[in-house]
Each structure stands twice: as C-alpha cells, then as structure tokens.
Amino acid sequence: LEALGRATSGLRSAIYDLRREEQRPFVKSVESLVELSRQLSPGRKITLVVEDGFPTELAGEVGVQLSRIVQEAFANVRRHSGSEHVEVRLRSEKGAVLAEVIDDGRGFDPASAPPGVGLSAMRERIEGLGGMIEVMSRPDEGTKVTVRVHLGGDTPVLRHQ
C-alpha cells in the first residue's frame, strides 16, 4: 500500500508538471514525461540523454508540440513495443533540434503497417512546425522515431561544464 501511495503521488506530480508545459522549458517537460513513463512501466528501463549544444529553451509552441510528440511516442512504446529499454535522446544538428525515442521492442515493418492515429498525430504536429518525422523499424529489432525542427539563430544552447 505504501508503494502504491508513492506511485500515485509520483503520477500526480508528473501529470501536474505536464499541465504546465507551456511555461516550462522543453527539457523539463521531457524529464516529466520520462518520470511518468517510468511510473507507468516500472519494469522498463528508460533513459534520457541531452547532448551538449541542445537548446536550453525552445520557443513556446515548438516546445509544446515537441513535448506532445514525445508523449505520443512513449504511449506507442507502452502500447505496442513490448520493449525492455527505451532511450530518449535530445540533440542538435545543423541549426535543427532532434528528439529521438528509441526502443528495443518487437518493431514492425513500416511499409506494411497502416499508420495509426498516434503516428498520424505526430506527423501533423511536426509538419505544422515545418519539421520532419522519420520512423525506422524492423520486426524484432525495435523502433526509432526521430523528429527534426529547424530553429532560429538566437536560441540559447546547453553547454556542460
């Protein structure tokens, strides 16, 4: 009962954090999503990697939409992957930010699988930002979802000391 109480408290806290996502930095929103996913899937190892050079802040709508895309990718992992490990990687490359969700689950053949509601919603969100989404998967080899959005030149970036 105590463990259930702690889990419930953690879930409430993570959900509360996600409700305030418009005021929160993108990385903090992703940290909350990772924590929520850990609470919902206690047997799954979930890691977050934020590479040097990733923006410390993302403009409101970009951060909100990317957070929602990562949230949907997590939901797909929980529903479909059967994975033991998930990694979220945030990185930047040539003036763009990339968010990747990688799992070691059952995978699928993207060419023969009909696009689901989740993937369609992710595609619409990223295209609304002028970005791109790539889904790489093979049966029994996991899945990697990568979204890419180009940013303006004045976005502050993370530098590890």
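Buried means under 20% relative accessible area, exposed means over 50%, and partly exposed lies in between (1.4 Å probe, protein chains only). Keep that handy for the exercises below.

This is a predicted model, where local features need pLDDT of at least 70, side-chain atom pairs count only at pLDDT 80 or more, and totals for chains, interfaces and linings use all residues. Residues are numbered from 1 along each chain as its sequence is written, and side-chain values use heavy atoms, with hydrogens and water left out.

**Exercise 1.** Find out what the mean pLDDT of the chain is.

*Solution.* Start with the term: pLDDT is the predictor's confidence in each residue, from 0 to 100. The chain has a mean of 84, and 83% of its residues reach 70 or more. Next, look at residues 154–161, where the pLDDT is below 50. Beyond near neighbours in sequence, that stretch has 20 contacts in the model (heavy atoms within 4.5 Å).

**Exercise 2.** Work out which way strand 2 runs against strand 1, parallel or antiparallel, and then do the same with strand 3.

*Solution.* Strands here are DSSP runs of E, at least two residues long, and helices are runs of H or I with at least four, numbered from the N terminus. Two strands pair if DSSP finds at least two bridges between them. Step one: strand 1 (residues 45–50) and strand 2 (residues 85–93) run parallel, joined by six bridges. One partner pair here is V49 with R89 of strand 2. Step two: strand 2 and strand 3 (residues 96–103) run antiparallel, with eight bridges. Here V86 stands opposite D103 in strand 3. Step three: these two strands form a hairpin with two residues between them, and K94 in the turn has a positive phi of about 50°.

**Exercise 3.** Decide whether R91 is buried or exposed, and find its salt-bridge partner.

*Solution.* A salt bridge puts a side-chain nitrogen of Lys or Arg within 4 Å of a carboxyl oxygen of Asp or Glu. R91 has 17% relative accessibility, so it counts as buried. Its side chain meets that of E100 in a salt bridge (3.1 Å, N to O). E100 is buried too, because its relative accessibility is 3%.

**Exercise 4.** Say which residue pairs with E93 in a salt bridge, and where that partner sits.

*Solution.* The partner is R148, at 3.0 Å, N to O. E93 lies in strand 2 and R148 in strand 5 (residues 143–150), 55 residues apart. E93 is partly exposed at 27%, and R148 is partly exposed at 24%. Finally, salt bridges that share partners join R91, E93, E100, K144 and R148 into one network.
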